[in-house]
Each structure stands twice: as C-alpha cells, then as structure tokens.
Amino acid sequence: MPTDSKRVPGPTETQPPFLYQKKNEKAETILVNCDGKRHDGRKPAEMRPIFLKAGVISQARGSAYIEQHNTKVICAVYGPHEYQRREGFSMKGKLRCEVKYATFSCRQRGSHQTDTREKEAALVIQQALEPAVCLHKFPKSQLDIFVTVLQNDGSALGAALTCASAAVADAGIEMYDLVIGCQMRQAGESMLLDPTVQEEYHSRLVKNAESNHGAVTVALLPSINQVSALVQKGNLESEIALQVLKTCTEACQRIYPVVQQCLTKAVQSREKTMDTSETKT
C-alpha cells in the first residue's frame, strides 16, 4: 500500500503532558510565604508587567493585543454596521461582544462551543463598555467586539476589559473615557492583586463557613473616576470589599498611562504610513 511521504508518521492518539506533571499541593495552598511574597516572587499588591499594542489586525477596523506575563488576549472590532431588522428600533447604537477562550489557552483543552464562562465574560465587557462609548453617534447601528483569550494565566477578564477598550478606541469610535480592568483575590487577610491562575478564587477550594474569601473584578473609567462594571465572587465583608475596591481602582489608574501611550504610538504609526503612501503617489 503506498504511503504519503509528506505526512509525518506520528501516534494516532496523544496525551497532554500535564497528566504526568506532579502536583505541588503545598504551593497551591500557600499563597503568600513567610517572606511576604507569592510563588512568582511578587508582593501581594504588585502587578505583572503589561505589554499592550494597538492595530495588530489589519482587516479589522480596530484591534489590540495585551500581555500580562503569560495571560495573552487579542481583540478585534468591526463596524459600526446596520443591525438586523428583527431587532427593535433604537436611536442609539448597540454593542455586541463575543468572548472565546482558545482551545489551547488553558491546561485542560477547551471546547469549540461557547460555555457559560464565556457568556458571562462577554456580558461583563458589554456592560462595562456601554457607559464609555458614545452610542448616540451611530444610531440604528451595531458595533461588534470579538475577544479571544490566547493563553490564560489568571486575570483574563481584567485583561480582556482593557484590551477591548483599547481596540474600540483604536477603531476611531468616539468615547467618553477608556475602560481599564483589574482583578484581585481576597484570601483571608491576604489581598493578591492581579492573581495568576493558581491564585484565582474557586468556590470548591473554600469552605462555606470561611469568610473573606473571594475575587473582585473592577472596570473603571479613570478620567471621570467612575466604575462601569463590578463582579464579585465569594464571601467578603463590607469593609474588606470596600478596601478591595479601592485597591483595584488605584491599580486601574496605574494601568491608564500604559493604554494612553499605546494609543498614541498607534496614531503616530498610522500618520507615518499615510505620509509615506502620499509621497510615493
């Protein structure tokens, strides 16, 4: 029987390498060591370095790509365009957001079908962006926002909020303000800013009787200092919740100059390409 010389002979079935990896239960339970540092060497109130770039997808009207260490998110914006006739008439524009985790983004391979986590994230991003976008500028139209999580190492929702806001601004859509996202994990007396996937809150790992164990995600409009979206999971006391909210808003203010610098560089690069094209013609 003839064989295909261009096909690489490999096994018909494969197993993910994480099945053979030894689990370190102590590292998962101890979030902060005796030196006051986390497993990656950061302090509890320290964020991971952020890389943000706009205009990465040429086919889209606006796009952005963000990295927070090993958390990588890309966003594309299309429109505005006329929405379907079956929807009700409105003099204000509409936002349609879709979030998708790539099948290879997590340790366990995901499904191609949209699950509840992706639907909840899309709803949060839509609700967070609606107060920031001038919807009355494009009546009877719809703006499509597609967010893809390429790699999830924690705080994917916060990174997606910032990335989607930068993509909308890169598309030239008029906005009242940018939207900056941030996440925090509360574990007893420890506040962990920008948690990794090992530090994120999971209800199955915490007993029901324990208090002050949860996670908070904040979407902030930094120029006018208003919160456009707030998501809380777990059980937090009122005083602790207010302190977590204050810490997240301060972290959003620190991320804001990074987004401004990214959009400024994107505008300058576009002006250079337009000038070079005009000189050639």
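Which backbone oxygen does the side chain of K100 reach at 3.0 Å? I will start there, with the reminder that what we have on the screen is a predicted model, and then move on to the core, the cavity, a pocket and a few points of backbone geometry.

K100 is found in strand β4, which covers residues 94-101, and the backbone oxygen that its side chain reaches at 3.0 Å is the one of S111. The side chain of K100 also reaches the backbone oxygen of Q113, in this case at 3.2 Å. If we leave aside the neighbours within four places in sequence, the contacts of K100 include S111, H112, Q113 and T114, and they also include E118, V147, T148 and V149.

One of those contacts, V147, takes us to the largest nonpolar core, which has 63 residues and in which I125, I145 and V147 are the residues with the most contacts inside the core. Helix α4, residues 238-280, contributes the largest share of this core, namely 11 residues. For I145, again without the neighbours within four places in sequence, the residues in contact are C75, A76 and V77, then R96, C97 and E98, and finally L129, A164 and V168.

Let me turn to the empty space inside the model. The count comes to one cavity of 30 Å³ or more, and about 70 Å³ of space lies in the largest cavity. Its lining divides into five nonpolar residues, five polar residues and one charged residue. Two elements, α3 (156-170) and β6 (180-187), each supply at least two residues of that lining, and β6 gives the most, with three. Among the lining residues are M47, Q68, S155, Q183 and D194.

D194 deserves a slower look. D194 sits in the loop between β7 (190-193) and β8 (213-221), and D194 counts as buried because its relative accessibility is 3%, where buried means under 20%. The side chain of D194 is joined to the side chain of S155 by a polar contact of 3.0 Å. Not counting residues up to four places away in sequence, D194 touches R38, R42 and R48, as well as M47, Q68, S155 and Q183. The backbone of D194 is also worth noting, since phi is near 55 degrees, a positive value in a residue other than glycine.

A positive phi in a residue other than glycine appears at H69 too, with a value near 60 degrees. H69 lies in the loop between β2 (62-68) and β3, and H69 counts as partly exposed because its relative accessibility is 47%. While we are on backbone geometry, a cis peptide bond joins G79 and P80, with omega at about 5 degrees, and P80 has its place in strand β3, residues 71-82.

The last feature is the second largest pocket, which holds about 210 Å³ of space. The elements that give two or more residues to its lining are β1 (50-54) and α4, and the largest share of the lining, six residues, comes from α4. The lining residues include I50, F51, L52, K53 and A54, and they also include V258, Q261, C262 and K265. By class, the lining of this pocket has seven nonpolar, two polar and two charged residues. I50 appears here in the lining of the pocket, and I50 is also one of the residues that line the largest cavity.

Notes
Residues numbered from 1 in each chain as written. Predicted model: local features only at pLDDT ≥ 70, side-chain atom pairs only at ≥ 80, totals over all residues. Heavy atoms only, no water. 1 Å grid on protein atoms, 1.4 Å probe; cavity = no way out; pocket = protein on both sides within 12 Å on 5 of 7 lines; lining within 4 Å. Points joined across faces, edges and corners; volume = space filled by probe spheres on them. Helix = DSSP H or I, 4+ residues; strand = E, 2+ residues; numbered from the N terminus. Nonpolar A, V, L, I, M, F, W, Y, C, P; charged D, E, K, R; others polar. Buried < 20%, exposed > 50% of the residue type's maximum accessible area, 1.4 Å probe, protein only. Polar contact = N/O pair within 3.5 Å; in protein donor to acceptor, adjacent residues only side chain to side chain. Contact = heavy atoms within 4.5 Å. Core = buried A, V, L, I, M, F, W, Y, C linked by side-chain atoms within 4.5 Å.
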